[in-house]
Amino acid sequence: MTSPLTDLTAHRDVLFVGGKGGVGKTAVASALALDSARSGRPTLVVSTDPAHNLGHLWGRRVGDDPVELAPLLRGLEIDPGRTTDAHLAAVRQTMRRLMPEHLQGEVDKHLDLARDAPGTHEAAVLERLAEVLEQRDRDELVVVDTAPSGHTTRLIALPELMQAWTEGLLSRQERSARFGAALRGLEGDRGEQAAADVVGFVPRYGEQPGDRGGDRRARRDAEIRRVLDRRQERFRTLRELLQDPDRSAFVIVLAAERLPVLETVELHQQLTRSHMDVAALVVNKRSPADAGDLLAARRAVEEGYLAQLADELPDLPVVEVPLLPGEVLGEEGLTELARWLRGAPA
Ligand SMILES: Nc1ncnc2c1ncn2[C@@H]1O[C@H](COP(=O)(O)OP(=O)(O)OP(=O)(O)O)[C@@H](O)[C@H]1O
Ligand SMILES: [Mg+2]
């Protein structure tokens, strides 16, 4: 018996695994990745959830640099703090060169605020994900274990928001020559949005228009344009990848319960609106029919919700995974889960 998931891991470049908290996203992402690696395809499983548990599941430390989890399988937990810090350090250095001594305490204060500003971490996650996908080896599958639903859809929409932001900045470019000094800090490879978040306070301290000769300003403007263009290109590439159904797909994991079903329908709508291809649903932790009255009764209730799901999303393949007796932990637990994801008889 084959499963639609096998087809996805074989033929797409990036799989996003999403859903509500605790449904089994990390376990499903890891099991799909393990299965892909065992089939001979190099695979990277990446966690974008700030509350990472890839490391717990695999019983080893996983960090912001890839570690080997099994033959042909690597794992990585995105650390937005690291991306943000690296970037703020670059901005700080630029500002130190430009600012009078007595204002440097204030610069530090603003940069510290920028680190905790809303959106900074999400933007850093996206930036790092873009980098990971840019560096993806040919033929490699990347499986992304995402944070619970709301966060995920924002992540998907972010390239568009950022593109709008960048375009706005480009069109204001004549008025924003003063941004030049700070934007030189954007040259780093990581966390550019983090610096963008602090750019807002720069004009108060930066060069004033007319301070310098026209030639110099023209050069500086060209430099700003180059930096922004490159950044915009990076987000455009990422968005194109996410929206290409030949390369990317989204898998929603859920439990057969009332709220998860409603939220899955909503998440499906949001993703479809963002032009992401939702390619399969995994209904996890199904109650067994033959393990006592209580679980049999629960299973009957679940059937009702599955019927509702089939009604609302009629064309979507559904893979069912039973509630497993043991914990899904380490390679052994994941092997068992992978067997079900491949379509073991329910
Ligand atoms: N089919 C299953 N049978 C039994 N236990 C399972 C099954 N799938 C997952 N689990 C267990 O459920 C718990 C939650 O799984 P997991 O951490 O993968 O969920 P998650 O969606 O990533 O959670 P979070 O939203 O907190 O990141 C784990 O202890 C995992 O071992
Ligand atoms: Mg998780």
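# Notebook: a predicted single-chain model

**Entry 1. The chain overall.** I began with the contacts in this predicted model. Among contacts in the chain with a separation of 6 or more, 77% join residues that are 24 or more positions apart. I then looked up the secondary structure, which comes to 13 helices and eight strands. The chain has 346 residues, and 53% of them count as buried. I noted an accessible surface of about 16,000 Å² for the chain, with 50% of that surface belonging to carbon and sulfur atoms.

**Entry 2. The nonpolar cores.** I turned next to the interior. Which residues touch the most other members of the largest nonpolar core? I found Leu5, Leu8, Val45, Trp58, Leu73, Val282 and Leu341, in a core of 39 residues. Helix H2 supplies the largest share of this core, with eight residues. Another core, of 34 residues, lies apart from it, and I listed Val14, Val125, Ala130 and Leu271 among its members. I then followed Leu8 on its own. Setting aside residues up to four places away in sequence, Leu8 touches Leu15, Ala249, Val251, Ala279 and Ala280.

**Entry 3. Strand E2.** I examined two residues of this strand. Thr43 lies in strand E2, which covers residues 43–47. Is Thr43 buried or exposed? I recorded a relative accessible area of 0% for Thr43, so this residue is buried. Its surroundings were looked up as well: not counting residues up to four places away in sequence, Thr43 touches Ala33, Ser36, Ala37, Leu72, Leu73, Arg74, Glu140, Leu141 and Val143.

Val46 also lies in strand E2. Val46 is buried because its relative accessible area is 0%, and the cut-off for buried is under 20%. With residues up to four places away in sequence left out, Val46 touches Leu76, Ile78, Leu129, Val132, Val142, Val143, Val144 and Asp145. I checked the pair Val46 and Val144 separately. These two residues are 98 residues apart in sequence, and their C-alpha atoms are 4.8 Å apart in space.

**Entry 4. Leu72.** I came to Leu72 through the list of residues that Thr43 touches. Where is Leu72 found? I located Leu72 in the loop between strand E3 (67–70) and strand E4 (73–77). Leu72 has a positive phi of about 70 degrees, although this residue is not a glycine. Its relative accessibility is 43%, so I entered Leu72 as partly exposed. Beyond its neighbours within four places in sequence, Leu72 is in contact with Ala37, Gly40, Arg41, Pro42 and Thr43. I also looked up Leu72 and Ala33, which are 39 residues apart along the chain; their C-alpha atoms are separated by 9.7 Å.

**Entry 5. The largest pocket.** I moved on to the empty space. Rolling a probe the size of a water molecule over the atoms shows where such space is left. The largest pocket holds about 440 Å³ of space. Its lining has 26 residues, and I noted Gly22, Val23, Gly24, Ala27 and Lys285 as the closest to its centre. Which elements give two or more residues to this lining? They are helix H2 (25–38), helix H3 (54–58), strand E7 (278–286) and strand E8 (318–322). H2 gives the most to the lining of the largest pocket, with three residues. By class, I recorded twelve nonpolar, nine polar and five charged residues in this lining.

Lys285, one of the residues closest to the centre of the pocket, was looked up further. Lys285 is placed in strand E7. Its phi is near 60 degrees, which is a positive value in a residue other than glycine. I entered Lys285 as partly exposed because its relative accessible area is 43%.

**Entry 6. The cavities.** How many cavities of 30 Å³ or more does a search of the whole structure find? I recorded three. The largest cavity has about 50 Å³ of space. Twelve residues line this cavity, and Gly19, Lys20, Pro260, Glu263 and Thr264 lie nearest its centre. Strand E6 (248–254) and helix H11 (258–273) are the elements that give two or more residues to its lining. H11 provides the largest share of the lining, four residues. I closed the entry with the classes: the lining of the largest cavity divides into seven nonpolar, three polar and two charged residues.

Notes: Residues numbered from 1 in each chain as written. Chains lettered and ligands numbered in written order. Predicted model: local features only at pLDDT ≥ 70, side-chain atom pairs only at ≥ 80, totals over all residues. Heavy atoms only, no water. Buried < 20%, exposed > 50% of the residue type's maximum accessible area, 1.4 Å probe, protein only. Contact = heavy atoms within 4.5 Å. Areas by Shrake-Rupley, 256 points an atom, 1.4 Å probe, with all protein chains shown as cover. 1 Å grid on protein atoms, 1.4 Å probe; cavity = no way out; pocket = protein on both sides within 12 Å on 5 of 7 lines; lining within 4 Å. Points joined across faces, edges and corners; volume = space filled by probe spheres on them. Nonpolar A, V, L, I, M, F, W, Y, C, P; charged D, E, K, R; others polar. Core = buried A, V, L, I, M, F, W, Y, C linked by side-chain atoms within 4.5 Å.
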